[in-house]
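Trainee: Could we look at a structure together and practise reading how its pieces pack and pair?

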Amino acid sequence: MNRRFSAAVDYTLALGVLLFVWWFATGPMALPAFLLPSPLRTWNALVTIALTGELWRHLGFTLQNIVLGLILGCIAGIAIAYVMTRFPRLAVWLDGPLVILQTAPKIALAPLFVVWFGFGVLSKIILIFSLVFFPVFVGAVAGFRTLDPKMKDLSKLLGLSAVQRFRQIELPAAMPEIFVGLKIGAVQALVGAVLAEWMSGKVGLGYLMTFASATYKTPLLFAAVLMTVVLGLVLHVALTILERRLLSWKGAKNG
Amino acid sequence: MAQSERMIDIAGVHKTFVADHGTVTALEPVSITIREGEFISIVGPSGCGKSTLLRLISGLDQATGGSITLDVSGRKRPVGFVFQEPVLLPWKTIVDNVRFPLDTAGVARAQGDKTALDLIKMVGLAGFEKALPRQLSGGMRQRAAIARALSDDPPILLMDEPFSAVDLMTRDNLNDELLRIWQSTGKTILLVTHSVDEAAYLADRVMVMTARPGKLKCVHNVELARPRGEQTKLDPAYHALVAQLRRDLRTPAGEAH
């Protein structure tokens, strides 16, 4: 408890110093507002769009895409990894195409996704999905492959059905490795979401950024960037909480 | 006690498998009949096929030939198996682990909890129901594994070197606990071990196996009085048997050909 408290104090202090430096650069140092708007002007821009409801529309859109991409990427990553570890013959077939897709820079494919899947939600979710899929897939393969063979004996002795074996033994056993992939995937998902919105569409935090910079509304740009940072933090915290709940059995992890 | 009923009938069971350099005989034909409620120890060096025999009886592996008949009247899970390591699910508490076979068999939660808690008490883990496996010592985890193996009340308990990973003092305790559990449940137990002392101390009969190729060399009846305890270890007959088992294991058998 004490430790957590002192950590919170540290975080607050660090944030305070950062804000002070920001304020100092814009106030006493008098950097022009089109380069760096003051904290107050950024705050005002943020409050303005929050009050008109515009912020929530953009934030909601980005968040929705990220969550959908994460969920779909996880399901597909885990499912394909599981099928591949259960059927090694299939793995031989899938290995080649997967390696090619994995090494292909997804960001570079992003314009292609727009061409193929349009300017709407679909191309954005597909980009996020492709960024989430591979880290989760790689983690899940590692998790399923390192399963203790004695666990297989156990499920055979108990005559578990395929579903029981997966739900009760294989998935929980692979969860730590899956989470490693998921955490990498979540960071990528945010990058992908913003990037996809830069390229096309009229909604989302990424769109808000391009709009603000195109119209020289630097405080608004800063507000959008700030919200993206906050979104990243929220995602991180949500995943950490989920990890604590699902993987508490792994043992004490302080932080 | 229907001690004469045949529980396990093993007739000419053998196992070979194909390796890089031809077929390897893991187990030469073995025949033995094990009565209900009997405690059998199987002792032998590494590679003598003792674990193989246990896996064949449990149905984990298929024999190359011969037959194994279990008198278990169509039970889905006729045997409980205790591995060398506890093989507990690390994300489940002890009570959840012990209840796991019942959960997966569709037994109602309340019923399963009752059985699991009783078993946990029996193996001496009362107070650790809500602990995770990693919070327990090796010996305690193995107790939990025994409780799990017993949870859906199989007539046969197979144990593959269950106490080889725990220290000697814990091992002595666990042996006595095992005898107590055996006496209170009337299970038919087959226990594989490296230790001739353990084999002689626990069993009604000791199967001696030798390696390369794995085969059953001989079977000794253990005539020591029950219940057994510290006084058993002072019994000259016990020492004579242990010495005999050591001799059996030392004489190279099957090297004539």
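Here is our conversation about this predicted model.

Trainee: Are helix 5 and helix 8 of chain A parallel, perpendicular or oblique to each other?

Mentor: Start with the angle: the axes of helix 5 (residues 106-117) and helix 8 (residues 162-199) of chain A come within 10 Å and cross at roughly 50 degrees. Angles under 35 degrees count as roughly parallel, and 65 to 115 as roughly perpendicular. The two helices of chain A are therefore oblique.

Trainee: Which class of residue makes the contact of helix 5 with helix 8 of chain A: nonpolar, polar or charged?

Mentor: Let's list the residues. Helix 5 of chain A brings Ile107(A), Ala110(A), Pro111(A) and Val114(A), while helix 8 of chain A brings Leu195(A), Ala196(A) and Met199(A). No polar and no charged residues appear there, and the 7 residues are nonpolar.

Trainee: Now chain B: which strands are at the edges of the open sheet?

Mentor: Good one! The sheet has 3 strands in the order 2-1-4, with antiparallel pairing. An edge strand pairs on one side only, and here that describes strand 2 (22-35) and strand 4 (65-70) of chain B.

Trainee: Which residue stands opposite Arg6(B)?

Mentor: Think about the partners first. Strand 1 (residues 6-19) of chain B pairs with strand 2 of chain B in the antiparallel sense, over 10 bridges. Across from Arg6(B), in strand 2 of chain B, stands Arg35(B).

Notes:
Residues numbered from 1 in each chain as written. Chains lettered and ligands numbered in written order. Predicted model: local features only at pLDDT ≥ 70, side-chain atom pairs only at ≥ 80, totals over all residues. Axes fitted to C-alpha atoms, helices over the stretch in contact; angles between N-to-C directions. Helix = DSSP H or I, 4+ residues; strand = E, 2+ residues; numbered from the N terminus. Parallel < 35°, antiparallel > 145°, perpendicular 65-115°, else oblique. Contact = placed C-beta atoms within 7 Å. Nonpolar A, V, L, I, M, F, W, Y, C, P; charged D, E, K, R; others polar. Pairing = 2+ DSSP bridges.
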